[in-house]
Amino acid sequence: MNLSTSSSDSQAWGRWLATFLCMAALGACMIFALVILVDPYDSGHFGFIGIKGISDESPRTANASRGRDPQFSAAVFGNSTGQLLKPTELSQATGLRFVQLTIPGTGPREQIVLLRWFVRHHARADALVIVTDPVWCIDDPALPIFNPFPFWLYSDSPIEYLGQLFSSRALGRLVRRVELGLGLRTPSAPDGYWNYELLGHGEFRPAPPPNEPADTAAVAETQFPAIEQLAGFIANVPNIPVVLVMPPMIASDLPRPGGRAAARLAACKGALARLVAGRPHSNFLDFRVDDPLTRDQKNFLDAGHYRAPVARRMEQRIAESLRVGNAGPTTF
Amino acid sequence: MLFNDYAFLLVFLPASLVIYRFADPHPQWRIGVLVILSFVFYSYWNPLFIILLALSITVNWLAARGYLATKRGGFITGSIVANLAVLGFFKYANFVSDNLAYLFERPLWHFNIALPLGISFFTFHHIMYLVDLRRGKAPDYSLGRYALYISFFPQSIAGPLARWSEVMHQFGRQAYAPGWQRQFAVGVTFIVIGLIEKTWLADPLGRLLDPIYAQAIHGPVTNGNSWPALGFAFQVLFDFAGYCDVAIGVGLLFGVQLPYNFNAPLRSTNLQDFWQRWHITLMTFLRDYVFMPLSNVKIGRKRYRLVQHFSAMLLTMALCGLWHGASWTFVLWGALHGCALVIVSLWRRYGPRLPALLGWALTAIFVLLTCVIFRAGSLEAAMNIYRGLAELPDLERSLRSAPIIIAALCAFLLPASQDIVAGLTERPKTAIAAVLGLAAVAILVELGDRDAYEFVYFQF
């Protein structure tokens with residue numbers, strides 16, 4: 001390719017380069033202006049045109065909007081093992097206004113971020129229900145995450161948030177939000193409830209228990225770094241009632257008594273119970289037990305995901321805990 | 001730092017341009033500044049590897065000086081053997097070990113080593129220069145200029161495999177000489193076109209094909225899912241051609257015109273033509289430094305020269321396959337192309353002339369089918385894909401394969417990207433500049449999702 005030019009051509013090519021740079025800059029500025037006006041994830045950092053409602057379907061991102069919604073004063077946190085707890089049932093039983101902030105496939109690190117987000121946006125939160133399934137019992141202090149999570153979305157920094165909005169995903173959310181504002185899109189459920197039973201799984205058949213004897217080796221250490229971090233968070237919000245919930249699983253899959261896994265789970269439950277011991281209107285509810293409800297496979301969608309009858313009983317116990325604290329029942 | 005990464009496009013490249021703008025008026029600074037920038041670029045992956053790069057440059061340069069001072073060929077031979085030994089160790093030690101272990105049915109050594117990025121490319125750059133020095137074709141160069149030839153950041157990681165004679169004289173030239181605006185416009189156009197190839201053609205194919213090839217590793221590929229797998233040929237074409245176009249564009253921003261590497265290869269009407277248009281710089285290297293010596297060395301009787309010629313062709317292509325990766329599937333892929341090249345050569349010599357359309361169709365089908373072996377990772381996985389071709393895809397699945405159809409149309413119908421760039425930059429039309437500016441923003445938005453694919457050729 002011949003790259004030589006005359007001097008008059010040089011000026012024209014200079015204008016060409018200036019046009020390229022100006023259009024690129026203009027395009028980028030327009031995108032930034034749009035995202036600042038609309039706030040695609042409704043994080044509250046921007047959004048000067050004030051579109052109301054949730055246009056997002058993924059709880060990972062939609063909970064940024066739900067978690068700061070002033071119509072709610074109490075929230076359920078956790079992963080899919082807390083998903084079936086119904087905010088309307090809890091609200092009716094307690095007189096508080098509950099929102100579901102569980103996110104499937106998350107662990108302690110993401111859930112603590114959600115807890116902080118909710119508390120930061122509610123000067124007076126009435127209750128925190130945290131479904132602490134055994135992922136809270138991990139011993140890795142790094143608190144590894146198992147699925148991508150948008151930590152930037154729950155950041156205090158608008159700059160960090162803005163830095164992530166220059167993407168096709170964010171622009172897709174922006175379009176949805178504008179559609180919501182124009183009435184072209186139905187908003188997602190504001191309380192975040194979603195019934196996973198609607199996925200239509202077939203009948204659950206638990207696997208037969210293994211034949212080999214339980215591992216009875218002693219548990220060397222019982223350190224739970226995730227629970228330690230949760231303790232730090234709870235200590236900073238002394239006036240908010242906290243109910244910790246160990247969710248149920250099919251009884252046949254529970255760790256066998258006397259084994260190492262059972263010992264570690266028991267130690268974890270103990271650590272969780274100590275977190276809320278003596279705290280007003282707070283309790284640790286242990287549903288991961290051998291019980292007629294957990295023995296019946298009809299009550300489960302799979303080994304770790306219970307069905308509505310179990311959820312309704314759990315909601316009753318959570319409501320009682322918020323009334324009387326740990327003077328009430330601690331299991332089914 | 002990838003060419004399709006914000007770190008490169010929004011930080012390293014603009015910063016380098018500003019730094020070089022200050023160095024450009026000072027001829028004595030130009031090469032030094034570019035060498036430093038290139039080392040910074042290279043160190044982004046693993047700072048320790050710059051020691052290897054610096055050592056490699058110094059040792060080879062000293063060997064060249066030794067040869068020039070004494071005229072002893074041992075300097076050149078020793079240096080080439082050392083280069084190949086280092087490349088062999090990093091790239092093939094575990095491959096050799098695994099094969100010996102299989103042969104002797106007992107575990108052998110296994111090195112936990114990471115392949116230094118671009119080692120194949122800088123090894124080949126050394127070899128090109130040293131061989132030509134020995135042949136009396138290459139002159140003596142200063143350490144700084146030689147260091148830039150090996151490390152020049154637009155081409156150091158994955159090519160184009162520029163010959164010393166193509167670039168050495170360009171290093172140190174004033175980038176902001178009169179008319180630099182046109183050169184910059186061409187460079188910018190190459191970068192945008194390259195990123196379009198990578199982001200809008202190759203990456204969507206990767207997202208579509210990766211699960212299919214992952215399935216093939218574990219078992220049969222059913223329901224006609226094998227058919228999209230043939231699209232890997234388009235993915236690797238636009239991935240690597242896109243990378244090379246960005247490299248060429250970036251080179252122009254620093255006043256260096258790198259050689260073109262692709263020339264619409266999937267429009268070739270026979271396989272010989274294809275290999276003259278696909279990864280041109282590697283094939284030229286293999287032709288001049290592997291095939292020609294093997295073909296021309298006098299072994300055996302004259303009547304066997306044709307056998308020697310075709311054997312050299314087959315061996316060169318098998319080595320080309322092995323260069324792409326330490327795996328027998330790559331060797332098989334190369335050997336198949338070698339066999340096909342022999343057949344095509346014989347056909348062109350003795351057979352009837354094929355209509356161009358038939359020649360194109362046969363070439364495209366062969367390339368698409370053999371690319372499955374290149375990508376599959378194992379012969380079993382490739383066979384799972386091939387067996388799956390017995391089932392036709394349904395219409396719904398075909399609609400989801402739109403990225404393949406778009407890429408195929410681009411590969412079969414569009415001219416080479418350098419011709420597209422030449423057309424776009426024939427005259428300074430501001431409308432084209434405006435569209436390219438907006439396209440650049442759209443690409444940056446796409447790259448903002450942070451799940452950009454690495455360039456396929458980085459692994460080689």
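Started with the lining of the largest cavity: I see H15(B) giving the most, with 4 residues. This is a predicted model, and I kept that in mind throughout. The space in this cavity comes to about 80 Å³. Closest to its centre, out of 11 lining residues, I find Val236(B), Trp278(B), Trp333(B), Cys371(B) and Phe374(B). Helix H11 (271–275) and H14 of chain B, like H15, each supply at least two lining residues. I get 9 nonpolar, 2 polar and no charged residues there.

How many cavities of 30 Å³ or more are there? I count 3.

Moved to the second largest cavity, with about 40 Å³ of space. Chain A lines this one; among the residues I noted Pro40(A), Tyr41(A), Asp42(A), Asp56(A) and Arg177(A). The split is 4 nonpolar, 3 polar and 3 charged.

Then the pockets. I have the largest at about 830 Å³. Phe20(A), Leu21(A), Leu9(B), Leu13(B) and Pro14(B) lie closest to its centre, among 29 lining residues. Helix H1 (7–38) of chain A gives two or more residues to that lining, as do helix H1 (6–23), helix H8 (180–218) and helix H20 (430–447) of chain B. H1(B) has the largest share, 8 residues. By class I note 27 nonpolar, 1 polar and 1 charged.

Last, the second largest pocket, about 550 Å³. Of its 18 lining residues, I find Thr269(B), Asn270(B), Val344(B), Trp347(B) and Leu354(B) nearest the centre. Helix H14 (328–350) and helix H15 (356–376) of chain B each put at least two residues into this lining; I had already met both at the largest cavity. The classes here are 11 nonpolar, 5 polar and 2 charged.

Methods:
Residues are numbered from 1 along each chain as its sequence is written. Chains are lettered from A and ligands numbered from 1 in the order in which they are written. This is a predicted model: local features need pLDDT of at least 70, side-chain atom pairs count only at pLDDT 80 or more; totals for chains, interfaces and linings use all residues. Side-chain values use heavy atoms; hydrogens and water are left out. On a 1 Å grid over the protein atoms alone, a cavity is a set of points where a 1.4 Å probe fits but cannot get out, and a pocket is an open set with protein on both sides within 12 Å along at least five of seven lines; lining residues have an atom within 4 Å of a point. Grid points are joined across faces, edges and corners, and a volume is the space filled by probe spheres set on the points. Ala, Val, Leu, Ile, Met, Phe, Trp, Tyr, Cys and Pro count as nonpolar, Asp, Glu, Lys and Arg as charged, and the others, Gly among them, as polar.
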